[in-house]
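Open the model in your viewer and keep the selection panel at hand. We will go stop by stop.

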Amino acid sequence: HKSINLCGREIMVTPATLRANPTREEAELLALYETVKGYEKEAEKLKRNAAMAKQREADEKFKREQQALKKTKKSAKKRKAHSEEFPSAGGADLGDFDSDDDDDSALDEDQEDIAATTDADEHAMEEERQKQQLEEALGDKAQENIAFMPSLKRKAVSEVDEEVSLIQSAPGGEALPTPPRDFSESYGLEEAAGSYLFPPPTFVEDEKSRIWTPPSTANHPSEGDLELELTGFNSSLARSGSGNNTLMIKFSAPSDSSRFSLNIAGPGHRDYFDVLFHFNPRQFQKGGQLIVNDKQEGIWGMGVTAPLSALPIIFGQISCTLIVQINADGFDVFVNGIHCSRLEHRTQLPPDPCSFFLQFPSTDDYGSPENWSVFKVWWGHKPLMAGNDLSGVAGCNNNVTGGGLHPKKLFVSGLSKITEEGVDLRRAELERAFRKYGGPQGATVTVPVNSTYAFVEVESERQADLALAELQSQYRMNRARRSRYDATQEEREAAEAAAAKAGSKEEASSEWD
């Protein structure tokens, strides 16, 4: 049976079909097929003849070299025997018979050259014999594929490299300096003031138990989670860059993981109800993004997002290093030493020394499992890593969409949670408190439902500075970020003002005309 592609269709042709009145197109196609097969067979025949001729030439060359070697050995034996029969006396010159050493050294060199040439010829002959045996075993039908098969070359014993150990190749013959599950020596943890929280120093279980992975059967964040106490935190020291301020985590997230997260919570966090800092990479959401956020009274705040494409690769790596530093501005996030994002403080840090809590939830709030592995956790003090240029860091004021801080709007936080019925009371309270800073019309107050914060817009930037200075003891507040809506609104107002100014100029010029 033969399969012929005719006009885009596969046609099965049997011998009976070929003998029973083929069409003109079929006859031409079959004739072309037979012609091509004939050319291929002729090409293979020429290849075999060339290989056989090459083999015969190599055999003849080998025979010639063997004969020359035998003649050389025979003449050397004759010279040696003659020298023994007629030894030289008194150092007399015996002409050709005084060069035995030179002849022997020359003979040794000739033998080495001939042996090297012989080895190379033997390898070539061996390859040719293997190819011929393969051709005979496969038959004529498979000869067209032999030319495209990789040739096997036996490596000479003298060419084999000695096996080099990776451990021996390291400096000083020691193990590699940074195993995948250890922190790099460049972080200087041996000299830093801190300690490993996971695995504990007294951990004596097997190697597999030294890794924490969320259980696949968990249905709640706290079911099978890992919680570690970050002792000795002092907010006044952390704001000045001293004291325990640095958390380091060595982890691995597989390539098929959709997300994972961790939390830093203060004392009295009420089991994932209040979270100071939340770190959550999501591989398949909106093209991949990193989200840092906070949670107050069980309600998530406005997350700071950064595209994963702009960060070091997190998913599918053997291991990664996450660093979170607490400073006066907020929580700075570093992945493999790169400053990725910042979550500014949204809740006042405890004024007295206390312990924070590091949480590794097993699932998200909806019970969806998280997939990653935690190898090591370190907590202690390190110098602040954030540089002066924060233009590419998500969450920093100079990198917020809309243009940084709003000149006239204040963000008031730390308020008690209210329902829809209490919105009007909260708005009236803040309007009275900020009345004198709002100008003739008073301050503009925005109170979201079910929130613990509000926005207050005053008359000018100068009034905003006065409100921050005079009401700081009564309310916890700072400058609000300029949102995309604020930026668009300001651009629209500027365009309208420019258009009105241009129109007034045209009207004035027309009156003079």
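## First stop: strand β15

Select residues 246-252, strand β5, together with β15: the two pair in the antiparallel sense, over 7 bridges. Now find F251, whose bridge partner in β15 is V374.

This is a predicted model. Keep that in mind at each stop.

Stay on β15 and extend the selection to all of residues 373-381. How many of the strand's 9 residues are buried? The count is 7, so β15 is mostly covered, with "buried" set at under 20% relative accessible area.

Next, add strand β3, residues 193-198. Here 5 bridges join β3 to β15, and the strands run antiparallel. Pick S195 to see it standing opposite W379 of β15.

## Second stop: I249 and the core

Which residues have the most contacts inside the largest nonpolar core? Select I249, F277, L358, F360 and V377. The core they belong to has 45 residues. As background, nonpolar side chains in soluble globular proteins tend to be buried together.

Centre on I249 and show its contacts. Leaving aside neighbours within four places in sequence, I249 is in contact with F183, L262, C320, T321, L322, L358, F360, V374, K376 and V377. V374 is already on your screen as the bridge partner of F251.

A second core, separate from this one, has 20 residues. L415, A443, V447 and M477 are among them.

## Third stop: I323

Move to strand β11, residues 320-326, and pick I323. Is I323 buried or exposed? I323 counts as buried because its relative accessibility is 0%.

Draw a distance from I323 to M248. Their C-alpha atoms are separated by 4.5 Å, although the two residues lie 75 apart along the chain. Beyond residues up to four places away in sequence, I323 touches Y187, T246, L247, M248, D332, V333, F334 and M385.

## Fourth stop: strand β18

Select residues 454-457, strand β18, and show side chains. In a regular strand, side chains alternate between the two faces of the sheet. In β18, A454 and V456 point to one face and are buried. F455 and E457 point to the other face and are not buried.

Now add the partners of β18:

- Strand β16, residues 405-413, runs antiparallel to β18 and is joined to it by 4 bridges. V412 has A454 as its bridge partner.
- Strand β17, residues 444-446, pairs with β18 in the antiparallel sense over 3 bridges. T444 stands opposite E457.

## Fifth stop: a cavity

Turn on a cavity display. The structure holds 2 cavities of 30 Å³ or more. Go to the second largest, with a volume of about 30 Å³.

Which residues line this second largest cavity? Select L276, D294, F331, H345, R346 and T347. Colour the lining by type: the residues divide into 2 nonpolar, 2 polar and 2 charged.

## Zoom out

Show the whole chain in cartoon. Its secondary structure comes to 9 helices and 19 strands. The chain has 513 residues, of which 35% count as buried.

Finish with a contact map. Take the contacts between residues at least 6 apart in sequence: 68% of them join residues at least 24 apart. For a close-up to end on, return to I323 and M248, 75 residues apart along the chain with C-alpha atoms separated by 4.5 Å.

Conventions: Residues are numbered from 1 along each chain as its sequence is written. This is a predicted model: local features need pLDDT of at least 70, side-chain atom pairs count only at pLDDT 80 or more; totals for chains, interfaces and linings use all residues. Side-chain values use heavy atoms; hydrogens and water are left out. On a 1 Å grid over the protein atoms alone, a cavity is a set of points where a 1.4 Å probe fits but cannot get out, and a pocket is an open set with protein on both sides within 12 Å along at least five of seven lines; lining residues have an atom within 4 Å of a point. Grid points are joined across faces, edges and corners, and a volume is the space filled by probe spheres set on the points. Ala, Val, Leu, Ile, Met, Phe, Trp, Tyr, Cys and Pro count as nonpolar, Asp, Glu, Lys and Arg as charged, and the others, Gly among them, as polar. A nonpolar core is a set of buried Ala, Val, Leu, Ile, Met, Phe, Trp, Tyr and Cys residues joined through side-chain atoms within 4.5 Å. Buried means under 20% relative accessible area, exposed over 50%, partly exposed in between (1.4 Å probe, protein chains only). Contact means heavy atoms within 4.5 Å. Two strands pair if DSSP finds at least two bridges between them.
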